[in-house]
Amino acid sequence: MGLWTRMKRSMRALFGGIIEKTEDPELILQQTIRDMRDRVPELNNSVAQVMATEKLLAKNKERLETQVVDLDSKIRASVKMGRDDIATAYIGQLQQAQLDLQKTSQQLEHANLASKQALKARDNYVLQMQRRTAEAMQLINQSKQAKLQEQLAQTMESFQLGDDASTFNEMRDKIDRRAAAAEAKMQLGSANVDTQMQDIEREALDMQLQDKLLAYKKDMGLLGAGGGSAAPALPAEGETTGGQNGTGGGRVN
């Protein structure tokens, strides 16, 4: 294999791969639809030209038919007047008109056939264009769905559940610690308030008990002359009511 052939093959493979990568099926199909639609006006113009030729030939045929009838009348009038020379001239014109009429009739038949074929071709093209357009739109939708699926697949490939899960767990632990600390502070605050309330209630109860004790002593005449002095202190723990101390003492008479 020659060097030039190998180079051409390599260049075709290189540029062919680049072109294939840059080709967008959606854009190509959309351009194809536009091209097919753009051909419709051109096709209509071609059909219109064929139909115009048919109409022109039809008018020529009508004119020649009128001319043949007119020449025939003139020939008859010339013969009737004995003017054979004029009749002979009209006969020559009549033969030429009949020949032209025959050719025009044949051309008109071909034009009629061409018009029918052109209209049929135009209608077939429009029908094919509509089918191709519908098929192209379906392919474009499939291409869009394929792109969405590719993007979804790429997203799923790049999506790492472990990282997000670790972040979620970390934030959950942080929130749990914060909630636990707040709950502990609330409990501590409630405990301090409860403790203070218990101290106040205990002090109030002691005051009530002292008042009751003073009332009993007053009723029993155990209070001194002042009457309003405080009651004697209660004996300390380990001492007897009789005034005994640690070394022993006598009884007061």
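# Notebook: a four-helix predicted chain

I began with the order of the elements, and along the sequence the protein chain reads α-α-α-α. The count I noted beside it is 4 helices and 0 strands. I keep in mind throughout that this is a predicted model.

**Overall burial and contacts.** I looked up how much of the chain is covered, and found that buried residues account for 11% of its 253 residues. The exposed area of the protein chain comes to about 21200 Å², of which carbon and sulfur atoms supply 56%. I then turned to the contacts between residues at least 6 apart in sequence, and 75% of these join residues at least 24 apart.

**Helix α2.** I checked the length of this helix against expectation: its 56 residues should span 82 Å at 1.5 Å a residue, and because the end C-alpha atoms are 82 Å apart, the two values agree. I listed its buried residues next, and they are Glu26, Ile33, Met36, Val40, Val47, Leu57, Leu64, Val68, Leu71, Ile75 and Ser78. Just past the end of α2, I noted that Gly82 has a positive phi of about 80°.

**The nonpolar core.** Which residues make up the largest nonpolar core? I found 8 of them, namely Leu64, Val68, Leu71, Ile75, Ala87, Leu94, Ala97 and Leu101. Helix α2, which covers 25-80, and helix α3 each supply at least two residues of this core. I followed Val68 in particular, and, with residues up to four places away in sequence set aside, Val68 touches Leu94, Ala97, Gln98 and Leu101.

**Ser115.** I looked up this serine in helix α3, which runs over residues 84-158. Is Ser115 buried or exposed? Its relative accessibility is 3%, and since the cut-off for buried is under 20%, Ser115 counts as buried. I also asked what Ser115 is in contact with beyond its neighbours within four places in sequence, and the residues are Val50, Met51 and Glu54.

**Salt bridges.** The structure holds 5 salt bridges, and I wrote up three pairs from my search, starting with Asp85 and Arg83, whose closest N and O atoms are 3.4 Å apart. Asp85 has a relative accessible area of 48%, so I entered Asp85 as partly exposed, and Arg83, at 38% relative accessibility, is also entered as partly exposed.

The next pair I looked at is Asp123 with Arg122, a salt bridge in which the closest N and O atoms are 3.1 Å apart. I have Asp123 down as partly exposed because its relative accessible area is 42%, while Arg122, with a relative accessible area of 23%, is partly exposed as well.

For the third pair, I found Arg132 in a salt bridge with Glu135, with 3.6 Å between the closest N and O atoms. Arg132 and Glu135 both belong to helix α3 and are 3 residues apart, about one turn of the helix. The general background I wrote next to this is that an α-helix has 3.6 residues a turn, so residues three or four places apart point the same way. I then checked their exposure: Arg132 counts as partly exposed at 44% relative accessibility, and Glu135 counts as partly exposed at 40%.

**The surface patch.** I ended with the nonpolar surface, where Tyr216, Met220 and Leu222 form a patch with about 390 Å² of accessible area together. Where does Met220 sit? I placed Met220 in the segment after α4, the helix that covers 161-219. Its relative accessibility is 60%, and because exposed means over 50%, Met220 counts as exposed.

Technical notes
Residues numbered from 1 in each chain as written. Predicted model: local features only at pLDDT ≥ 70, side-chain atom pairs only at ≥ 80, totals over all residues. Heavy atoms only, no water. Buried < 20%, exposed > 50% of the residue type's maximum accessible area, 1.4 Å probe, protein only. Contact = heavy atoms within 4.5 Å. Areas by Shrake-Rupley, 256 points an atom, 1.4 Å probe, with all protein chains shown as cover. Core = buried A, V, L, I, M, F, W, Y, C linked by side-chain atoms within 4.5 Å. Patch = residues over 30% accessible without salt bridge, like charges linked within 9 Å, V, L, I, M, F, W, Y side chains within 5 Å. Salt bridge = Lys/Arg side-chain N within 4 Å of Asp/Glu carboxyl O. Expected span 1.5 Å × (residues − 1).
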